[in-house]
Amino acid sequence: MKKNLGILFAGVLVAAVLSSCATKVERVDADTVIDLDGYWNETDVKIVCEDLISECIKSPRIANYKKEHGREPVVIIGKISNKSDEHIDTSIVAKKFSHAIINSGVMEFVSDKEERLELRAERLDQADNASEETAKSIGNETGADYMLLGSVKTIVQTADNKSVRAYFVNVELHDIETNKIIWSGENSEIKKVIKRPKSKL
């Protein structure tokens, strides 16, 4: 009897330990700011991209383009370089920029290099396999007028158990034909003070 009670107690104890170690997941609103480690996160991407594109579309040169050409300028996203001291997936930054441009309604947006290759392959396939009425023509792509290029940089200050991380996102809009810089912007609003517990050793 005592043996059975011992086995039962051990089983309950193991179950209690396992339940206390189980992963817990909490769903939160997508707009909730979560900053666990002080590094670059999705909130920073959203703030920076929306602010910079908002500045860009207010540029007098963008406004004058439609007056001079009778249409909105066509933009493509080029390389967004990570020159910071941490891992940043700049493809997410590039996509956020493209969303902001498309949703602005002030500039047109065309597919990036990888997307264009896939679309070209599809048109070649259609040329061989689709009917003449539905096959899309080759050589009718819309060429971009401007290319958006940029970089993400950091300045880090550290003392004792505290550090300050400042992010600088620079973006320039280049005229593809002339290499002129049509617009330039910088966002340096992301600054974080990170306090870590002192080591007990």
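Lys192 has a relative accessibility of just 9%, so this lysine counts as buried. What does the side chain of Lys192 meet in a salt bridge? The partner is the side chain of Asp44, at 2.8 Å from N to O. Keep in mind that this is a predicted model. Here is a quick tour, starting with the whole chain and then going through salt bridges, a charged patch, two loop residues and a glycine pair.

**The chain as a whole**

- The chain has 201 residues, and 29% of them count as buried.
- Its secondary structure adds up to five helices and six strands.
- Reading from the N terminus, the order of elements is α-α-α-β-α-β-α-β-β-β-β.
- Eight salt bridges turn up in the structure.

**The Lys192–Asp44 pair**

- Back to that buried lysine: the salt bridge between Lys192 and Asp44 has an N to O distance of 2.8 Å.
- Lys192 belongs to strand β6 (residues 191-195) and Asp44 to helix α2, so this pair ties together parts that are 148 residues apart in sequence.
- Helix α2, where Asp44 has its place, covers residues 42-57.
- Is Asp44 buried or exposed? Its relative accessibility is 5%, so Asp44 counts as buried.
- The side chains of Asp44 and Lys192 are also joined by a polar contact of 2.8 Å.
- As a general point, side chains of opposite charge can pair when their charged atoms come close.

**Other salt bridges**

- Asp145 and Arg71 meet through their side chains in a salt bridge of 2.9 Å, N to O.
- Asp145 sits in the loop between α5 and β3, while Arg71 sits in the loop between α3 (60-69) and β1 (74-83), so the pair ties together parts that are 74 residues apart in sequence.
- How exposed are these two? Asp145 counts as buried because its relative accessibility is 17%, under the 20% cut-off.
- Arg71 is partly exposed, with a relative accessible area of 34%.
- Glu141 and Arg123 make a salt bridge too, with their side chains at 2.6 Å, N to O.
- Here Glu141 comes from the loop between α5 and β3 and Arg123 from helix α5, so the pair ties together parts that are 18 residues apart in sequence.
- Glu141 counts as partly exposed at 39% relative accessibility, whereas Arg123 counts as buried at 16%.
- Which residues are linked in a network of salt bridges? They are Asp85, Glu86 and Arg165.

**A patch of negative charge**

- Over on the surface, a patch of negative charge gathers Glu118, Glu122, Asp125 and Asp128.
- One of these, Glu118, has its place in helix α5, which covers residues 113-129.
- Glu118 is exposed, and its relative accessible area is 62%.
- Helix α5 also holds Arg123, the salt-bridge partner of Glu141.

**Two loop residues with positive phi**

- Asp160 is not a glycine, yet its phi is positive, at about 55°.
- Where is Asp160 found? Look in the loop between β3 (146-159) and β4 (162-175).
- Asp160 is exposed, with 79% relative accessible area.
- Asn179 is another residue other than glycine with a positive phi, this one near 70°.
- You'll find Asn179 in the loop between β4 and β5 (181-187).
- Is Asn179 buried or exposed? Asn179 counts as exposed, because its relative accessibility is 63% and the cut-off for exposed is over 50%.

**A pair of glycines**

- Gly150 lies in strand β3.
- With a relative accessibility of 14%, Gly150 counts as buried.
- How many residues apart in sequence are Gly150 and Gly185? The two are 35 residues apart along the chain, and in space they are 9.4 Å apart from C-alpha to C-alpha.

Key:
Residues numbered from 1 in each chain as written. Predicted model: local features only at pLDDT ≥ 70, side-chain atom pairs only at ≥ 80, totals over all residues. Heavy atoms only, no water. Patch = residues over 30% accessible without salt bridge, like charges linked within 9 Å, V, L, I, M, F, W, Y side chains within 5 Å. Areas by Shrake-Rupley, 256 points an atom, 1.4 Å probe, with all protein chains shown as cover. Salt bridge = Lys/Arg side-chain N within 4 Å of Asp/Glu carboxyl O. Lys, Arg positive; Asp, Glu negative; His and termini not counted. Charge placed at Lys NZ, Arg CZ, Asp CG, Glu CD. Helix = DSSP H or I, 4+ residues; strand = E, 2+ residues; numbered from the N terminus. Buried < 20%, exposed > 50% of the residue type's maximum accessible area, 1.4 Å probe, protein only. Polar contact = N/O pair within 3.5 Å; in protein donor to acceptor, adjacent residues only side chain to side chain.
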